[in-house]
Amino acid sequence: MSQAVPVQQQAAEAQPAPGPIDHTKKLPSFDYMTMMRQVALQGGKSYWAQMREMYELKLGPGKIAPVEYFYYGLFEDTLSREQKRAFVGTNLRAEVNAALLDREFFGIGKDKIAFYAFAAGMGLPIPRTRALYHPTRGLAGAARLDRIEALAAFLRDGANTPFFSKPANLTASVGVASVERYHAEDDTLEMTNGARFPVMRFVEEADRYFEGGYLFQERLTAHAALRPLAGPQLSTIRFMVLADEGSAPRILRATWRAPSGEHAADVMWRGNMMAALNVETGVIARVVRGRGLDRAEIETHPNTRAQLFGAVMPHWPELCALALNAARSVPQLMLTGWDIALAEGGPAVIELEPDGGDPAVTQLASGQGLLDGAYGAFLERRRALLRGK
């Protein structure tokens, strides 16, 4: 008679073994009753007080959803009522996008093939694309891979490694891979973390992105001046830039995704940190890891042990100048977000967020809502103009 397998073991066995490409985004799981119970126990705020506050913020100027109430830690009474109302929720972001965005140029930001072609034409420094896996499209200077055999041959050419690869039409680092080298003796690819996978396993996983396009780029490493702070892994700074009504662009917020461990990308949900930067000086003003009740402020880097709080981002004037120059290249977009890396060869534009990017990036890092300041004033001006039409 066969022995029963515990439910936990069945669940573990049902999980697919990790492969060379990371296809999933690990979103936080919020059970409202559990979260409300924790807030009540740890902070003494009653269930009724939490529900009343969630309802008020949902109807408030930031249109904060109940999940965002916990995500941002807005249950904490160290924040005033007005400070909580200054946070921007995803519902408000969607409203702003529907009313204010230039749809054509919004598409350029969401289509990485179009963006890299555009950025190259504008003379912006970008990572070199070595190849594009797509049935019909191509990029200047990149190998065109339009069938599985061509992709496999590209991967088996040792001259093409190391590389960083990603889907052309997805965000939040879904579908990325970082490959170190090819091993001909067993036909495997070695990932940056040391794991090895057969070439055809990589081909099989990359093929799911064929219709939207899959990019293979040179793998950049951190600039020598940045390595003492966070090690050799590449990281990006999100610059939120505003250029309203033909005015010169200005940087509203700057947030460094501070890498930790050996994650494939620097986004926060992978376990990395977020650091709010002083726009004028590049000084690290606050570093956080985690969200909601799991959020913690960090002062030293967990791997390098370097002091992060109060440190100055190297080459800050150069980084800011690139963000402003990039924003000038798309005058059709009033609010933009630029992910810029301080790489070994100098600053490089990695991606464009055509609506300034997810407000969570800066709001989690700084602990401050976007509506309190220039962003809020911009929205009010635009709404007044729309009402006048």
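## Strand β13 and its neighbours

In β14, Trp338 finds its bridge partner in Leu352. That contact belongs to an antiparallel pairing of β13 with strand β14 (residues 346–353), which runs over seven bridges. The two strands make a hairpin, with two residues between them. Keep in mind that this is a predicted model.

β13 also pairs with strand β8 (residues 236–242), again in the antiparallel sense and over seven bridges. Here Thr236 sits opposite Ala341 of β13.

## How well covered is β13?

Side chains in a regular strand alternate between the two faces of the sheet. So what about the two faces of β13, buried or exposed? Both turn out to be covered: Leu335, Gly337, Asp339, Ala341 and Ala343 are buried on one side, and Thr336, Trp338, Ile340 and Leu342 are buried on the other.

Put as a tally, nine of the nine residues of β13 (residues 335–343) are buried, so the strand is largely enclosed by the rest of the structure.

## Strand β1

Over at strand β1 (residues 129–133), five of the five residues are buried, so to speak a mostly covered strand. β1 runs antiparallel to strand β7 (residues 214–218), and four bridges join them. Ala131 stands opposite Phe216 in that pairing with β7.

With strand β2 (residues 143–145), β1 pairs in the parallel sense, over three bridges. Leu132 is the residue facing Arg144 of β2.

## Aromatic pairs

How many aromatic pairs does the structure hold? There are 17. One of them is Tyr133 with Phe210: the ring centres are 4.5 Å apart and the planes sit at 35°, so this pair counts as tilted. It brings together distant parts of the chain, with Tyr133 in strand β1 and Phe210 in the loop between α10 (199–206) and β7, 77 residues apart. Tyr133 and Phe210 are both buried.

Phe154 and Phe163 make another tilted aromatic pair, at 6.3 Å centre to centre with 45° between the planes. Phe154 is buried, and so is Phe163. These two rings also belong to a cluster: ring pairs link Phe154 and Phe163 with Phe202, Tyr209, Tyr214 and Phe216. Phe216 is a name we have already met, as the β7 residue opposite Ala131.

Note on methods. Residues are numbered from 1 along each chain as its sequence is written. This is a predicted model: local features need pLDDT of at least 70, side-chain atom pairs count only at pLDDT 80 or more; totals for chains, interfaces and linings use all residues. Side-chain values use heavy atoms; hydrogens and water are left out. Buried means under 20% relative accessible area, exposed over 50%, partly exposed in between (1.4 Å probe, protein chains only). Two strands pair if DSSP finds at least two bridges between them. Rings of Phe, Tyr and Trp (its six-membered ring) pair if their centres lie within 6.5 Å; planes under 30 degrees apart count as stacked, over 60 as edge-to-face and the rest as tilted.
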